[in-house]
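Here are my notes for someone opening this one for the first time. Keep the viewer beside you and go point by point.

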Amino acid sequence: MTQTRSIPDRLQSPAERYLKSWESLLLLVAIGIFVANSFASPYFLNAWNLSDATFNFTEKAMIAFAMALLIISGEIDLSVAAIIALASTAMGAAVQIGVGTEGLVVIGLAVGVLCGAFNGFLVTGLGLPSIVVTIGTMSLFRGISFIILGDQAYRGYPPEFAFFGQGYVWWVISFEFVLFAIIAVIYAVILHKTNFGRAVYAIGNNATGALFSGIRVGRVKFILFLLTGLMSGVAAICLTSRLGSTRPSIAFGWELEIVTMVVLGGVNILGGSGTIPGVVIAAFVMGLVTFGLGLLNVPGIVMSIVIGALLISVIALPRLWSMWRQA
Amino acid sequence: MQLEPGPAVSSKTVSDIAPRLSLKGITKTFPGVRALSEVSLALFPGKVTALVGENGAGKSTLVKVLTGIYQPNEGEIRIDDAPVRFPTPQAAETAGVTAIHQETVLFDELSVAENIFLGHAPKGRFGLIDRAAMKARAREILSGIGANIDPNATLKDLGTANKHLVAIARALSIDARVVIMDEPTAALSQKEIEELYELVEGLKRQGKAILFISHKFDEIFRIADYYTVYRDGQMVGDGVIADVSEPDLVKMMVGREVSQIFPERQQNVGDEVLVVDGYEHPTEFADIGFTLKRGEILGFYGLVGAGRSEFMQALFGITRPSAGQVRIDGAPVTIRSPADAVNSGIVYVPEDRGKQGAIGALPIFQNVTLPSLARTSHKGFLKLAEEFKLAREYTQRLDLRAASLDTDVGNLSGGNQQKVVIAKWLATQPKVIILDEPTKGIDIGSKAAVHEFMAELAAQGLAVIMVSSEIPEIVGMSDRVIVMREGRMVAELTKADITPETLVGHAAGIKEAAQ
């Protein structure tokens, strides 16, 4: 070859990139909502109230982290809430035959993983589109739960089981919040610091190109479905523990809130980009909005309108901004 | 004949008949490429004209100009001596020009009658489609070409041959005066081809002017009356088919001065590195076996559709062969996925760079390290410094031009994207590199760089397989060439025997040239 020319590694420092990122904008929104809430209600800036508020998002966010990876890879799982219902029903049935707390945890996680494996097999093994597969399994999993329970409910969970959803680790810091934080860190490391995470981005940007680069695309996607199922199982344990009972309508409609959280966090719904810090901030934003409106006695249906409007405006604002600047 | 005669054979003229359609001085350019350069063509009523040329000679571009898909930059089209313009495909159809492509655009879920009359169905009251009239007309046309097809049948229930007949019926339904048949026999069996010949005879009797594009010489000599030869976007000859021989046609197709300069190479062939034995696929290829030595460049030549890329992708683990063994350095290996192939030391630079080669939205360094992450990381955790180091080393070797290694590959030019893909594979330290049409669609300067680099790789002991449809490239670069036709190896040529004539002869199945 001719004389060697050197190409610089980067033109923009990582710090500069963070500063201009979606996550920074979202963090400003979160701070704004926090300040607005503290003016709107005198009860907002209370440690116990704020602690309670975290329960609005911790369980959903656990699933949202796994879902973020799945969506970045170009797939989606809409059956997550139905997996919660099935896992919770399985735990409830186990309680009736006297299974203890450890057994319940194992059952909850196992049902989650099995459901994830089933979705993963249908998508990667048979090559079916994930949106169709998981709409199908969404009805299937919750349907099984309805057949078993009808309009009944399972109760009688052992007292120690209550710790997962109702226990506190230190002062106002709940077990669920700690679990949420640990899972956030684990997923951030998986996505941003490992070869596996790099493969997820590569697949989401160009699955054919990734395959032609020697990435085991099917295996990676199958693992992502397993992880999403596993996290649904974890969330099922926490939610069941917190409610102390299982009905077939448990966690109804959560899949949309979870996808909303992921998209609000800056994950491209078409795959290829997004970060875990973004999803963490989005979880706080959604939790703060729900909690603030709750303090103001706003009814639930209005809350979902506000969340929907928030999602659309946060996504539309950058686009409107650039259109306005060009005009 | 009122066309400018080509430099080569053009003996008997046909000026006694006026052409139905004539092209004069047609030029079509794309950014960086002159696909057609002042070409001419004449089609006569009741006659078949064969258009002959290598891959890339400009035949497909010409068809697209004739059917209103492309607009020529210069030149004129005349029908019955009146100038016409085809700004849209509809305009071409209205003027009576219709094409039956290799894969004709028909609609699987519609009925036969609907397919025939889509866009020009007979209208009844209120402008609604008169279904009864449409079916009756369809039945009439189909029986006119001897096709026993129910107009009510859904198209997807028909076989390939019957679909062709529907396409032909559609051509007749618009009262076409000029019928273009682009490789019409590519997907047909021998019996169906015979039926097609009869149909062509029928169309001739009806006075249609027919343009017949084919790579198969036996077909051309069987049904064409006239021929026109294109080479590199220029017309090089035309005349009456009865006055020309197969070797003459081949000479016209390939007889170029080799203007490109290829690097001088010291043949430095070492031990056997790759042995492929009995590779088979149910539909794409059969009985592929060869050996490859260190430092050797093995060319694979054939027409488009000869099964070369399909075989290479099976060797790389994208598709599964139904039978066959691979040995690397004497040890048998099992390749079930590209990951297996890479681990065995076989890498593949695909023809479709945008889709299969590079990941456009990822930065250069991540593209380069993607298959090598196991080496640049520690226990599965990324080490960015190592990645940049590896990417820097290999992109510099290829003289990549980019603002930074953090730039997205999608922002680079085609030639530089190709360099990123090659750097990605060299970083895995492979034993065998397969380059599928490595210089397709890149500019002359980058081409020379890729050729030079290929020679350098071979000199360093890498075994290179080069799939190419460009004869000068095959002749200029290969130590040995395997020619494929219809999924099989038909010839293996050593350096002295690699000439344009033998290549085309074997690829098209011409006996005299192949000896």
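What follows is a set of numbered points on the two chains, their contact and a few single residues.

1. A caveat to begin with: this is a predicted model. Please read every value below as computed from that model.

2. Let's take chain A as a whole. Chain A has 15 helices and just two strands to go with them. Its C-alpha trace spans about 75 × 55 × 35 Å along the principal axes. The radius of gyration is 21 Å, which agrees with the value near 20 Å for a compact globule of 327 residues. Of those 327 residues, 47% count as buried. Look also at how the chain folds back on itself: among contacts in chain A with a separation of 6 or more, 78% are between residues 24 or more positions apart.

3. Now chain B, which has 19 helices and 20 strands. The C-alpha trace of chain B spans about 75 × 55 × 45 Å along its principal axes. For 515 residues a compact globule would have a radius of gyration near 24 Å, and the 26 Å of chain B agrees with that. Buried residues make up 46% of the 515 in chain B. Of the contacts in chain B between residues at least 6 apart in sequence, 68% join residues at least 24 apart.

4. How do the chains meet? On the chain B side 35 residues are in contact with 27 residues of chain A. The elements of chain B that give two or more residues to that side are α10 (338-344), α11 (353-357) and α14 (384-397). Its largest share, five residues, comes from α14(B). By type, the chain B side divides into 19 nonpolar, ten polar and six charged residues.

5. A helix to look at with both chains displayed is α10 of chain A, residues 195-205. Is it mostly covered or open? It is mostly covered, with nine of its eleven residues buried. Among the buried ones are A:R198, A:Y201 and A:N205. The buried residues of α10(A) pack against α4 (58-72), α9 (175-193), α11 (207-212) and α12 of chain A, and also against α12 (364-369) and α13 (373-376) of chain B.

6. Next, the nonpolar core. The largest one has 240 residues, and A:I84 and A:V285 have the most contacts inside it. Which residues does A:I84 touch, leaving aside those up to four places away in sequence? They are A:S232, A:A235, A:A236, A:L239, A:I250, A:A251 and A:W254.

7. One of those partners deserves a second look. A:A251 has a positive phi of about 60°, although it is not a glycine. A:A251 sits in the loop between α12 (217-243) and α13 (254-264) of chain A. Why does A:A251 count as buried? Because 27 C-beta neighbours lie inside 10 Å of A:A251, and 20 or more are enough to count.

8. Chain B has a residue to set beside that one. B:E437 is not a glycine either, yet its phi is positive, about 45°. B:E437 is found in the loop between β17 (432-436) and α16 (444-459) of chain B. B:E437 counts as buried because it has 20 C-beta neighbours inside 10 Å.

9. Among the strands of chain B, find the open sheet of six, with the order β6-β7-β8-β3-β9-β10 and mixed pairing. Its edge strands are β6 (97-100) and β10 (234-240), each of which pairs on one side only. Neighbouring strands are turned by 20° against each other on average, direction ignored. Within the sheet, β3 (48-52) and β9 (226-231) of chain B run parallel and are joined by four bridges. B:V52, for instance, has B:V229 in β9(B) as its bridge partner. Helix α1 (59-66) of chain B packs on the sheet, touching β3, β6, β7 (178-182), β8 (209-213) and β9 of chain B. The direction of α1(B) makes about 150° with that of β7(B).

10. Finally, try A:V306, which lies in helix α15 (300-326) of chain A. With 15 C-beta neighbours inside 10 Å, A:V306 counts as partly exposed. Not counting residues up to four places away in sequence, A:V306 touches A:V289 and A:L293. The C-alpha atoms of A:V306 and A:T58 are separated by 20 Å, and the two residues are 248 apart along the chain.

How values were computed:
Residues are numbered from 1 along each chain as its sequence is written. Chains are lettered from A and ligands numbered from 1 in the order in which they are written. This is a predicted model: local features need pLDDT of at least 70, side-chain atom pairs count only at pLDDT 80 or more; totals for chains, interfaces and linings use all residues. Two residues are in contact if their C-beta atoms, placed from the backbone, lie within 7 Å. Ala, Val, Leu, Ile, Met, Phe, Trp, Tyr, Cys and Pro count as nonpolar, Asp, Glu, Lys and Arg as charged, and the others, Gly among them, as polar. The radius of gyration is taken over C-alpha atoms; the globule rule is 2.2 Å times the number of residues to the power 0.38. A residue is buried if 20 or more other C-beta atoms lie within 10 Å of its own, exposed if 12 or fewer, and partly exposed in between; C-beta atoms are placed from the backbone. A nonpolar core is a set of buried Ala, Val, Leu, Ile, Met, Phe, Trp, Tyr and Cys residues joined through C-beta atoms within 7 Å. Two strands pair if DSSP finds at least two bridges between them. Axes are lines fitted to C-alpha atoms, for helices over the stretch in contact, and angles run from 0 to 180 degrees between N-to-C directions.
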